[in-house]
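Me: I am new to this structure. Please take me through one part of it closely, the place where protein and DNA meet.

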There are 2 protein chains.
Amino acid sequence: MADGSPKDQPVVSGQGASPPPAGNRAGTPRPTSRDVARAAGVSQATVSLVLGEKWHGRVSERTAGLVRDAARQLGYRPNLAARNLRLGRTRTALLVVPALTNEFFARVYTGAATVAAEHDFGVVLYPSPEGVGPAKDPFASARAALDGVIASSMAAQALTAIRGTDLPLVMLDSDPADPGAAARVNLDIADGMRQMSAHLLALGHRRFLHLASAVSSWTFDVRARALAASLRDVPDAVVRTVPAPLDVAGAREAVERALTRPGPRPTAIVCDDDILAAGACKAVRRLGLRVPEDISVTGFDDLALATAVEPELTTVSLPAERVGARGMSALLAVLEGRPPEEGDLPVELVVRGSSAPARAG
Amino acid sequence: MADGSPKDQPVVSGQGASPPPAGNRAGTPRPTSRDVARAAGVSQATVSLVLGEKWHGRVSERTAGLVRDAARQLGYRPNLAARNLRLGRTRTALLVVPALTNEFFARVYTGAATVAAEHDFGVVLYPSPEGVGPAKDPFASARAALDGVIASSMAAQALTAIRGTDLPLVMLDSDPADPGAAARVNLDIADGMRQMSAHLLALGHRRFLHLASAVSSWTFDVRARALAASLRDVPDAVVRTVPAPLDVAGAREAVERALTRPGPRPTAIVCDDDILAAGACKAVRRLGLRVPEDISVTGFDDLALATAVEPELTTVSLPAERVGARGMSALLAVLEGRPPEEGDLPVELVVRGSSAPARAG
DNA sequence: CGACCGAGGTTTTACGTATAACGTCTCCAG
DNA sequence: CTGGAGACGTTATACGTAAAACCTCGGTCG
């Protein structure tokens, strides 16, 4: 079949045999499935069947082998643009997050990418405009053709553009009330904050400073509400809220200002975030006080930072990778018409060195 | 203009007027350029010309307006898969990095994505296998069709797969000796380490512990060589090298072991990385010593971590965003046949609180 | 012996876009 | 009144793949 005929000679472009092991010099156009077909002595359709693993019972073992060999020889890789066009699906999801330099979102990405890879999916990122400059349109920026979107509620600006689309949308850590999401993956933030306040109350703390994120977002609102709710029934508990930008220096300044104001000093600083907590610790020490002996400081997120500083932070550990993984799983479920998994992801209080019993008086 | 003629009625699919502002329900297939053409009463080619901004002198202003209106009405977005197939280019680059949870690489990505967005390019990530699980083939994982690759030399494993390709490759922070890169973006790491050792020598330090990364890579080799070279001419200088994993806990353990060995204690610990330095600080204090009074500790990279810990780290500031930005610019240059910008990016010693004069004796 | 069947392919088509090649109509100079 | 020459579009085609529909041929069964 494949031998004897004079037409079986593979048509090489010119001077000498090209080196079989892939080493394509630029200028040589990439081999297509038709080139593979020619080299294997079969039709292009057969190549597609074999390489797509759809050939069982339709193509002989022998022919399939020939095709695979030819593909390997030529270093064939399918043209994804063509494949995507043909199939009308791209197996690619867009992940919209505020900024990757925030370790939490880097971990969310990692989780999403891991699950995606297991299902032969790709993840392309859109760090929304606060992070990266001029691109207004997520879809222009993420130049890939997309099957769906996973978006953090913190990337509010980008969300409106996405809503104008028929793409399935999975929301991360977002208000269950707002509509338009095909699925939702939330952390049990309120429970985390409840555990934290219970921990501090048990240590005898009653005067709290709540160092809150200046950027408003659902997750941060939940923290504030849960803290307030926890303290509502404690007679002598008092909490003051101070907003701060999400960086160490800004947090430090905000806390320094707050602590030098007249009136009774808080004995514990509850922070919305580990970064804020790191800043709070620095502020406390700048004022000549000690953490945790004079003032306890607690974080939220359990980033690498939490165990890098001293004392190590008492914080609420959030399963960031699981958020991303579950977000991707939910999107896959939606795309396949299955119901996505329900229920909030649990969080966990981690007690370390930055919290201690309140000083008497 | 648009009214009066009975044919001006837009052809809507059926029951009642569909809400013009985009709200596509799922099930309705996305409008194509042909749909826009039909709605505007022109041919598909004209739509392509107008929306591609290639129409000046070939299409009247009036017609162009009609096309744009129709496109807006239908919420038309071009099918990128089709466009990519047609053009044979995708305006998408692959960025290969070891792990995004490392702030340095998150910043590299940010820089690359910013420049890409300015040139209407996309960036898709491949966090190489040490970071994410089962995907062996970068091209299978990054499901996009690609125009080029930007790769950190730290993602060694993925590089071999990429080399078998004719895609233009820009290497980041890599050995100038190894071949196969169309362009290269390097930091002047050696100069950074020279500045650092000069700083410490000026403070009177002579006995050094070099806390090196356990993962081997060109950037880390350069640090070691530059440190050794700097100390070569200093008569009484002595340096011992200890490898450590790139996390705080591992670094702490490595340093604790090193410092409890018999023999004269180093007065300065030079770390390959801020994360290692944070661990080193913790080790020093665990042994009852102080930073910087008893032992100076220095980092490398100038991550957010460097100013979050106490004392703040003396370190070498690396322009991570610029690395990414320049990598992307270089790739664009290569793709357009222009020569990429040459020369290493400068780095800067930042003196903070973790380094101090060596204790006498 | 004719109809049917399965094995092992091949031919053909469609996906949506960009653009080269090709009309058509009007206006104006020779 | 003929022959360009713009101005303004249209028709036709190709990109590479997946898969539906279709062939061919030897054997089998009624």
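Me: Which residues come nearest to DNA strand D, and which elements give two or more residues to the surface near DNA strand D?

Reply: Keep in mind that this is a predicted model. Start with the residues. There are 25 around DNA strand D. The nearest are A:Ser33, A:Tyr76 and A:Arg86 from chain A, with B:Thr46 and B:Ser60 from chain B. On the DNA side, sugar and phosphate make up 60% of the strand D atoms that come within 4 Å of the protein.

Now look at individual phosphate oxygens of strand D. One lies 2.5 Å from a backbone N or O atom of A:Ser33. A:Ser48 uses its side chain: a polar atom there is 2.9 Å from a phosphate oxygen. In chain B, an N or O atom in the side chain of B:Thr46 is 2.5 Å from a phosphate oxygen of the strand.

Next, the elements. Chain A gives two or more residues from each of α1 (33-40), α2 (44-51) and α4 (80-87). Chain B does so from α2 (44-51) and α4 (80-87). The top contributor is α4(A), with four residues.

What about residue classes? The surface near DNA strand D has nine nonpolar residues, nine polar ones and seven charged ones.

To sum up, both chains supply residues that come nearest to strand D, and α4(A) gives the most to the surface near it.

Note on methods: Residues are numbered from 1 along each chain as its sequence is written. Chains are lettered from A and ligands numbered from 1 in the order in which they are written. This is a predicted model: local features need pLDDT of at least 70, side-chain atom pairs count only at pLDDT 80 or more; totals for chains, interfaces and linings use all residues. Side-chain values use heavy atoms; hydrogens and water are left out. A residue is near a molecule or strand if one of its heavy atoms lies within 4 Å of it. A polar contact is a pair of N or O atoms within 3.5 Å; within protein, one must be able to donate a hydrogen and the other to accept it, and residues adjacent in sequence count only if both atoms are side-chain atoms. Ala, Val, Leu, Ile, Met, Phe, Trp, Tyr, Cys and Pro count as nonpolar, Asp, Glu, Lys and Arg as charged, and the others, Gly among them, as polar.
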